[in-house]
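Visitor: I would like a close, connected look at one strand and the core around it, and after that a walk through the other parts that can be described in similar detail. Please take your time over the residues.

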Amino acid sequence: MKVQVEKKPESVSTLKIELPAEEVSKEWDTIANSFARFAKIPGYRPGKAPRAVIDKRFRKEIQDEVTKKLVSKSYREAIEQKKLRVASLTNLEDVQFGEDKSMRFQATVVTAPEFKLPDYKNIPVQLPDMKVSEEEIDATIERLRDQTADFVDVPERSAQMEDFAVIDFEGTIDGKPISEVAPNASKNLHGGKKFWLRLAPDNFLPKFCEQIVGQKKDEMRTVTVDFSADFLVKELAGKQASYNVTLREIKEKVLPAVDDAFAAKLLPGKSLSDLRHQIEHDLEHEKEHQVERAKEEQIIKYLHEKTKFDVPPPLLRNEMKRALAELVQRNRARGVPDEMLKEKEKDLIETAAGVAHHRLKTNFILERIAEQEKAEVTREDVDLRIHQEAQRYNISSDKMRKELEEHDGLNALAEQILLAKTLDFLKANVSVQPVSEEQKK
C-alpha cells in the first residue's frame, strides 16, 4: 500500500492512499464469486454464469462492496503506517479503480497537536477539610427551618420588611401598558395577579419593596420604578414606570422551633439528635464530592499550565458551535428570552470559545496520558455505562445501545469512559499538600 501525506494549514492533512492490484483483485474475486452463486441471469442456470458476465452485470455493486470492505481498513493501516495522531476524520472521497483493479482514494484528517507531557504523577493539590463542624450542622438546620416555615396571615397590621406580600399589580409607561411597550419582556415586568413578593431591600424591581412598606390589606398604591440606562430590556432602559399595586394579603414567615417535633416532620419517628446525625452524614458525603471536584480542578489547572500547544482551528470551530448551542439551551431553560440572548450574542460567543478551547485542550492531554499509561476501555466498561445511562432515562439497556449505535454515539461514549478512567488514575496519584491557616480562613 502506498501512502502520501500532504500537510495543509490548520493541522489538516490529506492522505493519498493506493492499494495494490493483488489485494483489490483478491477482495473483488471473493465478492464477485458471492454474486455468481446467487445471481439470476437469463440464459444461465443459477451459479453457472461466466465471471466475465458477472463482472460486467454487477460491476457497480461489486465496486461498492469492495469499497466498503477495503477503504476503512486501509485508512486505518495508512494512519498506523505514517504514525499519524488523527483527532478527526473529515472526509473519505475520490475512490477510483484502475484497469488493473488497483484502487485509490483520499482521506482528509485533522491531526492532533504534538506536545510534551509534563510529569503528571504526584500533581500537588490542596484539599478542603473533610471534618463537619457543629456550625455547619446548625447552618443546615436553619436552612431546613426556612424551607419548612409557615406563612401566617397578619391582616391587622400594615406590611413591613421581611413580610411576604401577595399583590395584584399592573405596570405602565406614559400611560401605556408595559405588556405593549415590551411584549417580549418577562411577564413579571408586565404585572400579575396574586404575586408573592418577599419585601426586602433591592428585591424585585428598583425601590419597589420600599414603597410597599406601610401599605395595608386591600389598599391600592402607585409604585414608581426608575429603570437604569443599562437595563437588560432595552425598551424599558432609562425609563420610568408606574405600577398600580393592590395588596391582597400580608403573610409573616414563622420558623418552626428546633425540637424533636421539628425533626419528626423531616424524618418520621426520629429525634433532633437523629436529625443532626443524618445531617452530619449527608455533609460528609457532600464534602467527599467537594474533595473529588477540588482534585479534578487542580489537576486540570496544573496540566493546562504545564502544557503548551495550539488547538487545531477546525476542531475549535466545531466545538465552539456545540458549546454555544449548549449555552443557549441552558439559558432558554432558565427562562431567558431569545431577544435578550441576541443582545448578549457577543458575550455568549466569547464564553463558548473559552469553554471549547478548555474542553479540547483537556481532552488532548488526557488522551495522551491514557496512551502513555496504556489505559483501555473494555466491553464491560461500555456495557456498564450504557446500563447507567438507560436507568437515567428510564429505558431499557438494549434501547439505549440501539440509539447510541444509530447516532454513532458508541465511540463518543467510549472516549468519555477513557477520559474518566484517566482522570481517576491522576486523582489516585496526587500529592496532597498542607493547607495553611490563612488559606483555611
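Guide: What follows begins with a strand and its partners, and then turns to two helices, a hairpin and several single residues. The model is a predicted one, and the description should be read with that in mind.

The strand to begin with is β11, which spans residues 240-254. Strand β6, residues 150-153, is joined to β11 by 4 bridges, and the two run antiparallel; within this pairing, Phe151 has Lys253 of β11 as its bridge partner. Strand β7, residues 164-173, also pairs with β11 in the antiparallel sense, here over 9 bridges, and in that pairing Gly171 is matched with Tyr243 of β11. The strand β10, residues 220-226, is likewise antiparallel to β11 and is joined to it by 7 bridges, with Met220 finding its bridge partner in Thr246. As background, side chains in a regular strand alternate between the two faces of the sheet.

The strand also has a part in the largest nonpolar core, to which β11 gives the largest share, namely 5 residues. That core has 36 residues, and the members that touch the most other members are Ile167, Leu189, Phe208, Phe227, Leu236, Tyr243 and Val245. Tyr243 thus appears twice in this account, once as the partner of Gly171 and once among those well-connected core members. Leu236 can be followed one step further: when residues up to four places away in sequence are not counted, Leu236 touches Ile173, Ile178, Val181, Ala182, Leu189, Phe227 and Phe231. In soluble globular proteins, nonpolar side chains tend to be buried together.

One more residue of β11 deserves attention, and that is Glu252. Glu252 counts as partly exposed because its relative accessibility is 34%, and its contacts, with residues up to four places away in sequence not counted, are Asp150, Phe151, Val152, Val154, Arg157 and Asp163. As a gauge of distance across the model, Glu252 and Arg76 are 176 residues apart in sequence and lie 71 Å apart in space, C-alpha to C-alpha.

Helix α3 comes next. It covers residues 59-81, 23 residues in total, and reaches 31 Å from its first C-alpha to its last, which is close to the 33 Å expected at 1.5 Å a residue. The helix bends by about 25° at Thr67. Its buried residues are Ile62, Val66, Leu70, Val71, Ser74, Tyr75, Ala78 and Ile79, and the elements that cover them include β1, β2, α1, α2, β3 and β4. After α3 comes Lys83, whose phi is positive, near 50°.

Two of the covering elements, β1 and β2, pair with each other in the antiparallel sense over 6 bridges, and Lys7 has Ser13 of β2 as its bridge partner. In their hairpin, 4 residues lie between the strands, and Glu10 takes a positive phi near 60°.

Two others, β3 and β4, are separated by a loop that holds Ser102. Ser102 counts as buried because its relative accessibility is 4%. Its side chain makes a polar contact of 2.8 Å with the side chain of Asp100, and, leaving aside neighbours within four places in sequence, Ser102 is in contact with Leu19, Ala21, Val24, Gln96 and Phe97.

Elsewhere in the chain, helix α15 covers residues 410-427, and its 18 residues reach 26 Å from first C-alpha to last, close to the 26 Å expected at 1.5 Å a residue. Leu413, Ile417, Leu419, Thr422, Leu423, Leu426 and Lys427 are buried in α15, and the buried residues of this helix pack against α9, α12, α13 and α14. Lysine 427 leads to Lys295 in helix α9, since Lys295 is in contact with Lys427, as well as with Val125, Leu127 and Val430, when neighbours within four places in sequence are left aside. Lys295 is buried, having a relative accessible area of 14%.

Two further residues, neither of them glycine, take a positive phi: Asn122, near 65°, and Lys207, near 60°. Asn122 lies in the loop between β4 and β5 and counts as exposed at 52% relative accessibility, while Lys207 is placed in the loop between β9 and α7 and is exposed, with a relative accessible area of 54%.

Technical notes:
Residues numbered from 1 in each chain as written. Predicted model: local features only at pLDDT ≥ 70, side-chain atom pairs only at ≥ 80, totals over all residues. Heavy atoms only, no water. Expected span 1.5 Å × (residues − 1). Bend = angle between axes of the 7 residues up to and from the residue. Buried < 20%, exposed > 50% of the residue type's maximum accessible area, 1.4 Å probe, protein only. Contact = heavy atoms within 4.5 Å. Core = buried A, V, L, I, M, F, W, Y, C linked by side-chain atoms within 4.5 Å. Pairing = 2+ DSSP bridges. Polar contact = N/O pair within 3.5 Å; in protein donor to acceptor, adjacent residues only side chain to side chain.
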